[in-house]
Amino acid sequence: MRQRWVPTVASDACSFAAGLAAAIAQIVLVRELFAALEGHEVSVALSLGLWVAGIAFGALLGGRLVRGRPIDAGHLVAAIALLAATALGGLALLRDARPLLDIPRGAAIGPGGSLVLAALGIAPAALVTGALLPLFAQASVRSHGLRCAPARFYALDALGTAAGGALAPILVS
């Protein structure tokens with residue numbers, strides 16, 4: 001017999017993990033873009049702008065993808081795994097950007113190249129992060145055993161984000 005508390009714990013854990021993963025991904029990717037652009041302040045503006053725009057477009061895309069579909073815990077875990085994969089891909093790209101583009105250390109990457117690099121390194125993880133909200137919202141509408149009220153998701157996601165912000169400096173040092 002299935003315990004009644006299991007769906008709540010599963011959706012709460014996914015909510016917290018989503019915030020944790022998104023915060024760590026954002027911090028690491030912003031740091032790597034800053035390093036790839038050799039500390040140029042434009043990297044901060046590009047990374048934050050692309051992150052927020054990616055979340056917005058990800059939410060719109062995610063809303064279209066999940067509309068009318070039943071969402072279960074497997075979908076939530078898969079989305080968080082996809083976030084991790086896109087963040088790792090962005091990290092690898094940003095870390096190897098100069099050798100891949102054959103740009104020596106100390107040479108500037110122009111504005112166009114900086115924008116393309118930021119978009120390829122940061123936008124995929126931001127899109128997935130944005131898609132998490134409609135995914136969790138759909139899980140609360142058609143619960144299939146999940147207990148994922150939007151306010152509860154947002155609160156646990158924010159707590160996970162705070163934890164990710166506190167944990168990231170330890171992970172990247």
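**Exercise 1. In which helix is the place of Gly54? Work out its setting.**

Step 1. Gly54 has its place in helix H2. Helices (H or I, at least four residues) and strands (E, at least two) are DSSP runs, numbered from the N terminus.

Step 2. The model is a predicted one: local features need pLDDT of at least 70, side-chain atom pairs count only at pLDDT 80 or more, and totals for chains, interfaces and linings use all residues. Residues are numbered from 1 along each chain as its sequence is written, and side-chain values use heavy atoms, with hydrogens and water left out.

Step 3. Classify Gly54. Its relative accessibility is 6%, so Gly54 counts as buried. Buried means under 20% relative accessible area, exposed over 50%, partly exposed in between (1.4 Å probe, protein chains only).

Step 4. List the partners. Leaving out residues up to four places away in sequence, Gly54 touches Ala126 and Leu127. Contact means heavy atoms within 4.5 Å.

Step 5. Take one distance. Gly54 and Asp96 are 42 residues apart along the chain, and their C-alpha atoms are separated by 22 Å.

**Exercise 2. Describe the chain as a whole.**

Step 1. Count the elements. There are 6 helices and 0 strands. From the N terminus on, the order reads α-α-α-α-α-α.

Step 2. Set the box. Along the principal axes, the C-alpha atoms fill roughly 65 × 35 × 25 Å.

Step 3. Assess burial and surface. The chain has 173 residues, and 39% of them count as buried. The accessible surface comes to about 9200 Å², with 71% of it belonging to carbon and sulfur atoms. Such areas come from the Shrake-Rupley method with a 1.4 Å probe; for residues, only the protein chains shown count as cover.

Step 4. Check contact range. Among contacts with a separation of 6 or more, residues 24 or more positions apart account for 85%.

Step 5. Add the charges. The chain carries 12 positive and 8 negative side chains, and the centres of the two sets lie 16 Å apart. Lys and Arg count as positive and Asp and Glu as negative; His and the chain ends are not counted. Each charge is placed at NZ of Lys, CZ of Arg, CG of Asp or CD of Glu.

**Exercise 3. Test the spans of helices H2 and H3, and list their buried residues.**

Step 1. State the rule. The expected span of a helix is 1.5 Å times one less than its number of residues.

Step 2. Apply the rule to H2 (residues 42–66). Its 25 residues should span 36 Å at 1.5 Å a residue; the end C-alpha atoms are 35 Å apart, which agrees.

Step 3. Apply the rule to H3 (residues 73–95). Its 23 residues reach 33 Å from first C-alpha to last, close to the 33 Å expected.

Step 4. List the buried residues. H2 buries Ser43, Leu46, Ser47, Leu50, Trp51, Gly54, Gly58, Gly62, Gly63 and Val66. H3 buries Leu76, Ala79, Ile80, Leu83, Thr86, Ala87, Gly90, Leu91 and Leu94.

Step 5. Recall the helical repeat. An α-helix has 3.6 residues a turn, so residues three or four places apart point the same way.

Step 6. Look past the end of H2. Gly68 follows H2 and has a positive phi, near 75°.

**Exercise 4. Find the aromatic pair and place its two rings.**

Step 1. Fix the rule. Rings of Phe, Tyr and Trp (its six-membered ring) pair if their centres lie within 6.5 Å; planes under 30 degrees apart count as stacked, over 60 as edge-to-face and the rest as tilted.

Step 2. Count. The rule gives 1 aromatic pair. Phe136 and Phe153 form this stacked pair, at 4.3 Å centre to centre and 20° between the planes.

Step 3. Place the rings. Phe136 lies in helix H5 (residues 111–141) and Phe153 in helix H6 (residues 150–172), so the pair ties together parts that are 17 residues apart in sequence.

Step 4. Check burial. Phe136 and Phe153 are both buried.

**Exercise 5. Compile the settings of Ala97, Arg98, Glu38 and Asp102.**

Step 1. Take Ala97. Ala97 lies in helix H4 and counts as buried at 1% relative accessibility. Not counting residues up to four places away in sequence, Ala97 touches Ala36 and Leu117.

Step 2. Take Arg98. Arg98 is found in helix H4 (residues 97–101) and is buried at 6% relative accessibility. Leaving aside neighbours within four places in sequence, its contacts include Glu38.

Step 3. Take Glu38. Glu38 is in the loop between helix H1 (6–36) and H2. Glu38 is partly exposed, at 34% relative accessible area. Its phi is positive, near 55°, in a residue other than glycine.

Step 4. Take Asp102. Asp102 has its place in the loop between H4 and H5. Asp102 counts as exposed at 67% relative accessibility. Its phi is near 55°, a positive value in a residue other than glycine.
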